[in-house]
Structures are given as structure tokens and as C-alpha cells.
Amino acid sequence: MSTPEDVLAFWFGPPARSEDELLAKLQRWFAGGAALDAEIERHFGADVEAALAGALDPWAQTPEGVLALVLVLDQFPRSIHRGSPRAFEGDAKAMELVEEANPGSGARVGWINRVVGLDPDSLPEEQVQLGDSMLPTAM
């Protein structure tokens, strides 16, 4: 089983020291591809299942743990189960964690959706299951 530190080190890596390094991080996060999907499944597949079952809930006792748990529940399933409804299984729990850590954040995300012109009615059904508080995964 991984630790929150393992998850954060994998996802964020060392701080970007240049614009090129930052762009590489953004490319990895938002357009990772099959190789990254396979790497996430290999390293964190068991963690995703454990988090969905509640076994990683103790991670939520620290801010770093909350962030790691949100990644395991929200981002990693999108890679492991790409193209499947399972990709979104952890979304509700991830949003609950974010809301608990930062009250009112769900309403602010909904506001961001409206400001940038995202119409929840135009998104695939699985991406609006939490209402307009959810950003599409491509952002």
C-alpha cells in the first residue's frame, strides 16, 4: 500500500524550475496518455480500490493526506478506468473531502464553470453526476 507522500511525489514531483518544466507537468496531468495510465494502474491500482472501500480514510487527518486521497479517488480512477463509468466512482467522495477541507468550495467551482462558459448540460452525463460543482476532467 502506498502512503500519501508516495502519491504526492508521483503526481507533483519536484517543483518546476522553468516554464518548460511547468508545461511538461501540465502535459502529464492533462494529456498523460496510455503510458501514464498504465503506470498509475501499476503503482496505485490497489490504492484506488482501497480508497473506494474506505480503507484510506485515515489519510484525511492531514492536509497532505486529503490532497493525496483526492488524487487517488478522482484523478487516478480516470486513468485506470478510462472510458468506463468506473472512472468516476470516487468523485462524490473526493468532492466531500474537498468540501470538508475547504467549506464552500463546491459552490465556487460551480461559479468557475459559469465564468469560463462551461455548460453542465453539454458535458457527458458521467461528468455532471455531481451537478454544476464538477469540472470536466479535461480541464
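This passage describes the fold, confidence, helix packing and nonpolar core of a predicted model.

The chain contains six helices and zero strands. Along the sequence the pattern reads α-α-α-α-α-α. Of the 139 residues in the chain, 35% are buried. Contacts between residues at least 6 apart in sequence were also examined by separation. Among these, 56% join residues at least 24 apart.

Confidence varies along the chain. The mean pLDDT is 80. A value of 70 or more is reached by 73% of the residues. Among the elements, helix α3, residues 34–52, has the highest mean pLDDT, at 97. Helix α6, residues 105–115, has the lowest, at 49. The pLDDT is below 50 over residues 111–119. That stretch has nine contacts in the model beyond near neighbours in sequence. Residues 122–139 also stay under 50. For residues 122–139 the model has 39 contacts beyond four places in sequence. Where pLDDT is low, the predicted coordinates should not be read in detail.

Helix α1 packs against two other helices described here, α2 and α3. Helix α1 spans residues 4–12, and helix α2 spans residues 19–30. Their axes come within 10 Å and cross at roughly 115°. Helices α1 and α2 are therefore roughly perpendicular to each other. From α1, the contact is made by F10, W11 and F12. From α2, the participants are K25, R28 and W29. By class, this contact has four nonpolar and two charged residues, with no polar ones.

The pairing of α1 with α3 has another geometry. The axes of α1 and α3 lie 12 Å apart, at an angle of about 170°. The two helices are therefore roughly antiparallel to each other, as angles over 145 degrees count as such. Residues D6, V7, F10 and W11 in α1 meet L36, E39, I40 and F44 in α3. The contact of α1 with α3 has six nonpolar and two charged residues, and no polar residues. F10 and W11 thus appear in the contact with α2 and in the contact with α3.

The largest nonpolar core has 23 residues. Within this core, V7, V72 and F76 have the most contacts. Helices α1, α3, α4 and α5 each supply at least two of the core residues. The largest share, nine residues, comes from α4. Leaving out residues up to four places away in sequence, F76 touches V7, F10, W11, I40, F44, V48 and L71. Several of these partners recur in the packing of α1 with α3, including V7, F10, W11, I40 and F44.

Two further positions concern α4 and the loop that follows. P63 is found in helix α4, which covers residues 63–80. P63 has a relative accessible area of 67% and is exposed, because the cut-off for that class is over 50%. The C-alpha atoms of P63 and A101 are separated by 7.7 Å. Along the chain these two residues are 38 residues apart. H81 lies in the loop between α4 and α5. The relative accessibility of H81 is 15%, so H81 counts as buried, the limit being under 20%. Apart from neighbours within four places in sequence, H81 is in contact with E49, R86 and A87.

Terms used
Residues are numbered from 1 along each chain as its sequence is written. This is a predicted model: local features need pLDDT of at least 70, side-chain atom pairs count only at pLDDT 80 or more; totals for chains, interfaces and linings use all residues. Side-chain values use heavy atoms; hydrogens and water are left out. pLDDT is the predictor's confidence in each residue, from 0 to 100. Helices (H or I, at least four residues) and strands (E, at least two) are DSSP runs, numbered from the N terminus. Contact means heavy atoms within 4.5 Å. Axes are lines fitted to C-alpha atoms, for helices over the stretch in contact, and angles run from 0 to 180 degrees between N-to-C directions. Angles under 35 degrees count as roughly parallel, over 145 as roughly antiparallel, 65 to 115 as roughly perpendicular and the rest as oblique. Ala, Val, Leu, Ile, Met, Phe, Trp, Tyr, Cys and Pro count as nonpolar, Asp, Glu, Lys and Arg as charged, and the others, Gly among them, as polar. Buried means under 20% relative accessible area, exposed over 50%, partly exposed in between (1.4 Å probe, protein chains only). A nonpolar core is a set of buried Ala, Val, Leu, Ile, Met, Phe, Trp, Tyr and Cys residues joined through side-chain atoms within 4.5 Å.
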